[in-house]
Amino acid sequence: MAVQISPSILSADFARLADEAAAVSNADWLHVDVMDNHFVPNLTIGLPVVEALRKAADTPLDCHLMIEDPDRWAPAYAEAGAGSVTVHVEAAKAPVRTLRQIRSAGARAGLALNPATAVESYADLLGEVDMLLLMTVEPGFGGQRFLDVVLPKVRRTRELITAHGGQVWLQVDGGVSAETIERCAEAGADVFVAGSAVYGADDPARAVDALRALAEG
Ligand code: DX5
Ligand code: ZN
């Protein structure tokens, strides 16, 4: 699988989202962090902004739902035109049904795991997902320090995916930067979310290229 970079607009200027999306037109995805102040202690954006961004941006949207009731909301994000919709295992009450609904609505289905959540419990769901997202910080905020403690799980997840046929993408999210991306790639990640490392840079597009080059090794 080729390396993919998904800049997180959480670190962008929310008043200029269309411009901020265009600034990273060399990225594969735009990562959209949806937070509800219940599943995580922060409140960001929701469906209306995703609908607007979908019309304003050429890059496909990679929606990461950090919300308490993803079963209720995830299909609507897929119907709104998101290219990928990811729900947390800690929040979904009916993950298989929800993942199937995301796919039926035409999006890629993702399943996210917090740092302390074991991946082995979800190995049987690999056929239901297009991507596994491993959080490399506790979800809720951009700009946090990368948690090295998750790297063995990245490695084990890559092994599970390989044993399953290798089709599922493996995304890492949180603290991914020029300092940490090579360790993630070496452990087996192939889709990299980066917020502050991209939008905190003077030239976000160059930061995307630099991260991609480091991940490709
Ligand atoms: C955190 C979000 C991340 C965040 C990453 O809960 O899921 O996508 O934007 O930001 P950085 O790259 O700055 O850690
Ligand atoms: Zn995210």
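Which residue in E3 is the bridge partner of Val34? In this predicted model, the partner is Leu65, and the first view below starts from that pair.

**View 1. Strands E2 and E3 run side by side, with Val34 paired to Leu65.** Here you can follow E2 and strand E3 (residues 61-66) as they pair in the parallel sense over 6 bridges. Val34 finds its bridge partner, Leu65, in E3. Two further residues of E3 come up again in later views: His64 and Met66.

**View 2. An open sheet of 8 strands, with parallel pairing.** Reading across the sheet, the order is E1-E8-E7-E6-E5-E4-E3-E2. At the edges are strand E1 (4-7) and E2, each of which pairs on one side only. From one strand to the next, the twist averages 25°. Helix H8 (residues 204-216) packs on this sheet and touches E1 and E8. The direction of H8 makes about 145° with that of E1.

**View 3. Strands E6 and E7, joined by 5 bridges.** Strand E6 (residues 131-135) and E7 run parallel. One pair to look for is Leu132 and its bridge partner in E7, Leu170. E7 is mostly covered, with 4 of its 5 residues buried.

**View 4. The surroundings of ligand 1.** There are 22 residues around ligand 1, and those that come nearest are Ser8, Leu10, Gly142, Gly195 and Ser196. Three elements give two or more residues to this shell: strand E2 (30-35), strand E8 (191-194) and helix H7 (196-199). What is the make-up of the shell by class? It has 8 nonpolar, 12 polar and 2 charged residues.

**View 5. Four positions from a UniProt record, gathered at one spot.** An unreviewed UniProt entry places the feature "binding site" at His31, Asp33, His64 and Asp173. These residues span 143 residues in sequence, yet no two of their C-alpha atoms are more than 10.5 Å apart, so they gather at one spot. Let us take two of them in turn.

Asp33 lies in strand E2. Is Asp33 buried or exposed? Asp33 is buried, because 24 other C-beta atoms lie within 10 Å. Leaving out residues up to four places away in sequence, Asp33 touches Ser8, Leu10, Thr44, His64 and Met66.

His64 sits in strand E3, and it is buried too, with 27 other C-beta atoms within 10 Å. Beyond its neighbours within four places in sequence, the contacts of His64 include His31, Asp33 and Asp173 from the UniProt list. Val32, Val34, Thr86, Ala112 and Leu133 are also in contact with His64.

**View 6. Gly174 and Gly175 in the loop after E7.** The unreviewed UniProt entry also gives the feature "binding site" for a further set of positions, including Gly140, Phe141, Gly142, Gly143, Gly174 and Gly175. Gly174 belongs to the loop between strand E7 (169-173) and helix H6 (181-187). With 26 C-beta neighbours inside 10 Å, Gly174 counts as buried. Outside the stretch up to four places away in sequence, Gly174 touches Met135, Thr136, Val137, Gln144 and Phe146.

Gly175 is in the loop between E7 and H6. Gly175 is buried, since 25 other C-beta atoms lie within 10 Å. Not counting residues up to four places away in sequence, Gly175 touches Thr136, Val137, Gln144, Arg145, Phe146, Leu147 and Thr180.

**View 7. Met66 in strand E3 and its contacts.** Met66 counts as buried because it has 25 C-beta neighbours inside 10 Å. Setting aside residues up to four places away in sequence, Met66 touches Asp33, Val34, Met35, Phe39, Val40, His88 and Pro139. Another residue to locate in this view is Asn42: Met66 and Asn42 are 24 residues apart in sequence and 9.4 Å apart in space, C-alpha to C-alpha.

**View 8. Asn37, a residue other than glycine with a positive phi.** Most residues other than glycine have a negative phi. For Asn37, phi is near 65°. You will find Asn37 in the loop between E2 and helix H2 (47-56). How is Asn37 classed, given 13 C-beta neighbours inside 10 Å? With that number, Asn37 counts as partly exposed.

Definitions and conventions: Residues are numbered from 1 along each chain as its sequence is written. Chains are lettered from A and ligands numbered from 1 in the order in which they are written. This is a predicted model: local features need pLDDT of at least 70, side-chain atom pairs count only at pLDDT 80 or more; totals for chains, interfaces and linings use all residues. A residue is near a molecule or strand if its C-beta atom, placed from the backbone, lies within 6 Å of it. Ala, Val, Leu, Ile, Met, Phe, Trp, Tyr, Cys and Pro count as nonpolar, Asp, Glu, Lys and Arg as charged, and the others, Gly among them, as polar. Two strands pair if DSSP finds at least two bridges between them. Axes are lines fitted to C-alpha atoms, for helices over the stretch in contact, and angles run from 0 to 180 degrees between N-to-C directions. Two residues are in contact if their C-beta atoms, placed from the backbone, lie within 7 Å. UniProt positions are given in the numbering used here, feature names are shortened, and annotations may be inferred rather than shown by experiment. A residue is buried if 20 or more other C-beta atoms lie within 10 Å of its own, exposed if 12 or fewer, and partly exposed in between; C-beta atoms are placed from the backbone.
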